[in-house]
Amino acid sequence: MKPKYPLICAVLRAAAAMIPQPATSAGNLCNSCPVPGVNSHATTSLGDSKSGGPCATGKAANRYPLPDPSCTPGAFNPTVSAKVFGAQKFTTKCIRDCITDSAQKHTMYAAYHVNQNSSCELDHLVPLEMGGADSLDNIWPQCGKAPNGKNYKDIKDVVENYLSIEILMGLDIDAARKGIASDWTQYIADSQKFCASNSCDISHYRK
């Protein structure tokens with residue numbers, strides 16, 4: 001049967017075609033990472049963890065915050081090797097939001113009894129760029145400012161870039177992952193010294 005109002009139908013079809021459609025699995029990097037061999041849903045925990053809390057943020061020797069190891073021991077994706085994340089085609093989008101979504105990640109604020117503010121970040125203890133996993137045992141709310149006025153999250157970002165570059169330059173990836181998971185603050189001085197005289201943009205070191 002022909003439509004009663006063919007012009008109106010044509011206009012509606014044209015309008016519908018202009019509405020953005022959800023990404024298909026072919027365009028989803030969780031299912032098709034451009035670097036072969038990556039299983040975006042793989043995760044290996046660096047310790048036993050409980051879900052839902054209660055969790056308590058600890059303090060390093062320098063009084064900087066550390067995650068609760070019983071809640072956030074750290075985790076990594078075993079299919080992301082140093083060679084994989086050192087590849088130019090690798091992107092953390094191959095891992096991000098593949099195991100957990102934003103709503104699940106935000107439950108870690110409640111687990112840690114932390115009120116979110118502008119200084120906070122849901123931090124991956126073992127960073128995604130080092131092959132960290134996107135599972136909850138690798139996520140914690142990192143909040144607050146250091147005595148120098150910088151957010152802790154920004155200081156840790158420098159540590160993450162530094163360690164990633166060090167791995168690409170030969171540092172053992174397993175040792176780096178375990179080191180940052182046990183106490184990320186131990187690398188602050190070295191990272192700041194390195195980045196003061198060298199580029200800390202990991203893209204400059206990828207091949």
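**Notebook: pocket lining and disulfides**

I looked first at the residues lining the largest pocket, and I found that they divide into 3 nonpolar, 2 polar and 6 charged. For these classes I counted Ala, Val, Leu, Ile, Met, Phe, Trp, Tyr, Cys and Pro as nonpolar, Asp, Glu, Lys and Arg as charged, and the others, Gly among them, as polar. I note that this is a predicted model, in which local features need pLDDT of at least 70, side-chain atom pairs count only at pLDDT 80 or more, and totals for chains, interfaces and linings use all residues. Residues are numbered from 1 along each chain as its sequence is written, and side-chain values use heavy atoms, with hydrogens and water left out.

**Entry: the pocket**

I recorded a volume of about 190 Å³ for the largest pocket. A pocket here is an open set of points on a 1 Å grid over the protein atoms alone, where a 1.4 Å probe fits, with protein on both sides within 12 Å along at least five of seven lines; lining residues have an atom within 4 Å of a point. The volume is the space filled by probe spheres set on the points, which are joined across faces, edges and corners.

Among the lining residues I listed Thr-92, Arg-96, His-124, Pro-127 and Asp-157. Two elements, β5 (121–124) and α4 (152–168), give two or more residues to this lining. The largest share, 4 residues, comes from β5. Helices (H or I, at least four residues) and strands (E, at least two) are DSSP runs, numbered from the N terminus.

**Entry: the disulfides**

I then counted 5 disulfides, taking each as a pair of cysteine sulfur atoms within 2.5 Å. With bonded cysteines counted along the chain, the pattern reads 1-6, 2-5, 3-4, 7-8, 9-10.

Cys-30 is joined to Cys-98, with an S to S distance of 2.0 Å. These cysteines stand 68 residues apart, Cys-30 in the loop between α1 (6–18) and β1 (44–45) and Cys-98 in the loop between α2 (82–85) and α3 (102–111). The S-S torsion of Cys-30 and Cys-98 is about -90°, so I entered this disulfide as left-handed. Both Cys-30 and Cys-98 are buried (under 20% relative accessible area, against over 50% for exposed and in between for partly exposed, with a 1.4 Å probe and protein chains only).

For Cys-33 and Cys-94 I noted 2.2 Å from S to S. The torsion about their S-S bond is about 85°, so this disulfide is right-handed.

Cys-195 and Cys-200 have sulfur atoms 1.7 Å apart. Cys-195 is partly exposed at 23% relative accessible area, whereas Cys-200 is buried at 18%.
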